[in-house]
Every structure is written in C-alpha cells, then in structure tokens.
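Colleague: I've just opened this model and would like a close look at a single part of it rather than a tour. Please take the stretch of chain you'd start with, and follow it outward to whatever it meets.

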Amino acid sequence: MPHEYLQKLFGLDDQVAVVIGGTGVLGGTLCEGLALAGASVVVAGRDVERGEQKVQFVRDLGSQSVFLPVDSTSRGSVQALLEAVLAEFGQVDMLINAAGVNSAEPYFEITDEAFDLVLATNLKSTHLGCQIFGRHMAVQPEGGSILNLGSVSAHVPLSRVFAYSASKAAVVNLSQNIARELATSGVRVNVLCPGFFPAEQNRKVLTPQRIESIMKRTPMGRFGEPEELIGAALLLLSRKAGTFITGSVVYVDGGFTAASI
Ligand SMILES: NC(=O)c1ccc[n+]([C@@H]2O[C@H](COP(=O)([O-])OP(=O)(O)OC[C@H]3O[C@@H](n4cnc5c(N)ncnc54)[C@H](O)[C@@H]3O)[C@@H](O)[C@H]2O)c1
C-alpha cells in the first residue's frame, strides 16, 4: 500500500521532538507537522502563554505534548531543558533550533546591545542546542537528528539586517561543521533556510517598501506560508527518509536564492 510506504519513510511514531522556539510562528507550525507525523512534541521557549496554547493545539491533533521553558541563550537553561525532556519522555530523537530575533537598522546605527542579542539568540542558541542535545543523542543507540533554522540571508546578505544575516551565515557554517563532526555517531545535522514568512521577529522589518522589493526578487511573487516548511523539515528529520542527509542546506524560498535578474 503506497500510504504504508510513506508512513514507513516519514512516520515519527514513538519519537520525541523538541522545538526550541516552538512558541514562534515557524517553530509552532513545525510542532504541528511533527505531531501530525506521529511524534511527541516538546514546545520549548520563553513565552509561556504561547507555548501552552501551542501544546493544547498539538494535543488536539492527537499527539502528546508539553511546554517546557527555556532561555536558548543560556547553557544552564538548555541543559535543564534536556534533563526535563528526559525526565518526561526518557528519550529525545529530534531537535529543532527555531528561536530567533531580528534587528533592522542602517549599518552606522547598530548598537552593541542589538548586535549581541541577535548573535546570542540566533547563533549561540543554535550552538548550545547542538552541543547539549547532540552530546546526548550521540550516545543513544538510535542517534538523533537536529534541524537548525537558517535563512536566505545566509546565502545573500539582506540590507538593514546586518547582524541577522551574519548570524545566519554562521549558523549554516557551524551546522555543516557539526554535521561533519557527528557524522559517524548517528547524529545528523541539517539547515532549513526559509525565504520570507511574516512572523513576530520580522514584523517591524517588513515595511511596505521592503515588501515590494522582496516580491520583485521572489520568482513566485509571494510570501511563504509556514505550512510550506513542513515537508522539507520532515524529510531532513526523518530517520528513514533522511538517512544519508547531513550537512545539507535546504532553501524553501519561492526561488529567491535561485534568481538574480
Ligand atoms: N519568518 C521568516 O521569514 C524567517 C525567514 C528565515 C528564517 N527565519 C528563522 O526562523 C526561526 C523562527 O522565526 P519566526 O519567523 O517563527 O519568528 P518568531 O518571532 O515568530 O519566533 C521566534 C521565537 O523565538 C523565541 N525566542 C527568542 N529568543 C529566545 C530565547 N532567548 N529563548 C527562547 N526562545 C526565544 C521567541 O519568543 C519566539 O517565540 C528564526 O530562527 C528565524 O530567524 C524566519
């Protein structure tokens, strides 16, 4: 039966996924995709109210889910998250690093505070998630799979978001290096690079003028819908479908990075 074959390739039954930043627009949608594929989902983040709402939504889809608080920039907090996940579920098979912030300004106006916050949230958080969860996954017999959120700005820098673009280029580089390092330990690490999806962190960045330039540069001529990330995420995360995929960077961007003029 074809659907049984797809279930074998992409089904995540009996697996536990942690989504750091599952409180956000894209991370939250990925929580739903993981749940629909059969995984138990830990929604992790610092926004308790949104986290609890997402947990209820995921439970209504038929999966087990809990909210666990985390500050993704703090080693102690990410370590405590891993321990809380293991206390609750006894295992962790997948991690998505989807916490992120943005800051947009002309180059000469970037403050040290804004620069540090973007680098800490987007890059250091990714490193802490990979190191702390990866170390645990590497000694599990089944290994594990990590998906980091990059951006099209990792490939081509975007005007006004200097620290953000630099952080995402670094996320790609770091992810590939960790993928190489962990390749023989059963832990796969990949990067999902979305194009433009309206969300919390880019609300202020998406001015009418900027939206016009994005649409001109996006061959498909529209924003992405968060659900359009799910298929690529499941491919990269799945133990059966993605067995030989590590260190890959997958763009889901309506053709943005494929186009020039
Ligand atoms: N929306 C887009 O167009 C787009 C494009 C490319 C990449 N991305 C990336 O996707 C990821 C998700 O972003 P989004 O668009 O859903 O944004 P979002 O603002 O909706 O979600 C980000 C989440 O991260 C959480 N967060 C921020 N700092 C945190 C911290 N220190 N500890 C724990 N949680 C923290 C926020 O509370 C929020 O829930 C980010 O890495 C972002 O850079 C988004």
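Modeller: Let's begin at Asp 14, which sits in the loop between helix H1 (2-10) and strand E1. Bear in mind that this is a predicted model. Asp 14 is exposed, with a relative accessible area of 70%. Its backbone is worth a glance too: phi is near 65 degrees, a positive value in a residue other than glycine. For context, most residues other than glycine have a negative phi.

From there, step into E1 itself, residues 16-20. The surroundings change here: 5 of the 5 residues in E1 are buried, whereas Asp 14 is exposed. Look at the two faces of the strand separately. On one side you have Val 16, Val 18 and Ile 20, and on the other Ala 17 and Val 19, and all of these are buried. Both faces of E1 are therefore covered, with buried meaning under 20% relative accessible area.

Now for the strands that pair with E1. With E2 (residues 40-45), E1 shares 5 bridges, and the two run parallel. If you want a landmark in that pairing, Ala 17 stands opposite Val 41 of E2. To get from E1 to E2 the chain passes through helix H2 (residues 25-36), and this β-α-β crossover is right-handed. E1 also pairs with E4 (residues 94-97), again in the parallel sense, this time over 4 bridges. The landmark there is Val 18, whose bridge partner in E4 is Leu 95.

What lies in the loop between helix H4 (75-89) and E4? Asp 93 does, and I'd stop there for a moment. Asp 93 is buried, with a relative accessible area of 3%. Its side chain reaches back to our strand: one of its polar atoms lies 2.7 Å from the backbone nitrogen of Val 16. Setting aside residues up to four places away in sequence, Asp 93 touches Asp 14, Gln 15 and Val 16, along with Met 137, Gly 144, Ser 145 and Arg 239. So that list brings in our starting residue, Asp 14, because its heavy atoms come within 4.5 Å of those of Asp 93. Gly 144 and Ser 145 in that list belong to strand E5 (144-149).

Helix H4 gives you another view of E1, through Val 85. Val 85 is buried, with a relative accessible area of 0%. In sequence, Val 85 and Val 16 are 69 residues apart, yet C-alpha to C-alpha they are 8.9 Å apart in space. Leaving out neighbours within four places in sequence, Val 85 is in contact with Val 16 and Val 18, and also with Val 42, Leu 68, Gly 90, Gln 91 and Val 92. Val 16 and Val 18 are on one and the same side of E1, with Ile 20. Val 42 falls within the residues of E2, so the contacts of Val 85 take in that strand as well, heavy atoms within 4.5 Å being the test.

How does this corner fit with the rest? The chain has 8 helices and 7 strands. Its radius of gyration is 18 Å, close to the 18 Å that the globule rule gives for 261 residues, so the chain is as compact as a globular protein of that length. Of those 261 residues, 50% count as buried. Long-range pairs like Val 85 with Val 16 have plenty of company: among contacts between residues at least 6 apart in sequence, 73% join residues at least 24 apart.

For a helix to set beside E1, try H8 (residues 230-237), which is mostly covered, with 6 of its 8 residues buried. The buried ones are Ile 230, Ala 232, Ala 233, Leu 234, Leu 236 and Leu 237.

And if the positive phi at Asp 14 caught your eye, there's another at Arg 160, at about 70 degrees, and that residue is not a glycine either. Arg 160 also sits in a loop, the one between E5 and helix H6 (162-182). Its relative accessibility is 40%, so it counts as partly exposed, whereas Asp 14 is exposed.

Conventions. Residues are numbered from 1 along each chain as its sequence is written. This is a predicted model: local features need pLDDT of at least 70, side-chain atom pairs count only at pLDDT 80 or more; totals for chains, interfaces and linings use all residues. Side-chain values use heavy atoms; hydrogens and water are left out. Buried means under 20% relative accessible area, exposed over 50%, partly exposed in between (1.4 Å probe, protein chains only). Two strands pair if DSSP finds at least two bridges between them. A crossover is right-handed if, with the strands pointing away from the viewer, the path from the first strand over the helix to the second runs clockwise. The radius of gyration is taken over C-alpha atoms; the globule rule is 2.2 Å times the number of residues to the power 0.38. A polar contact is a pair of N or O atoms within 3.5 Å; within protein, one must be able to donate a hydrogen and the other to accept it, and residues adjacent in sequence count only if both atoms are side-chain atoms.
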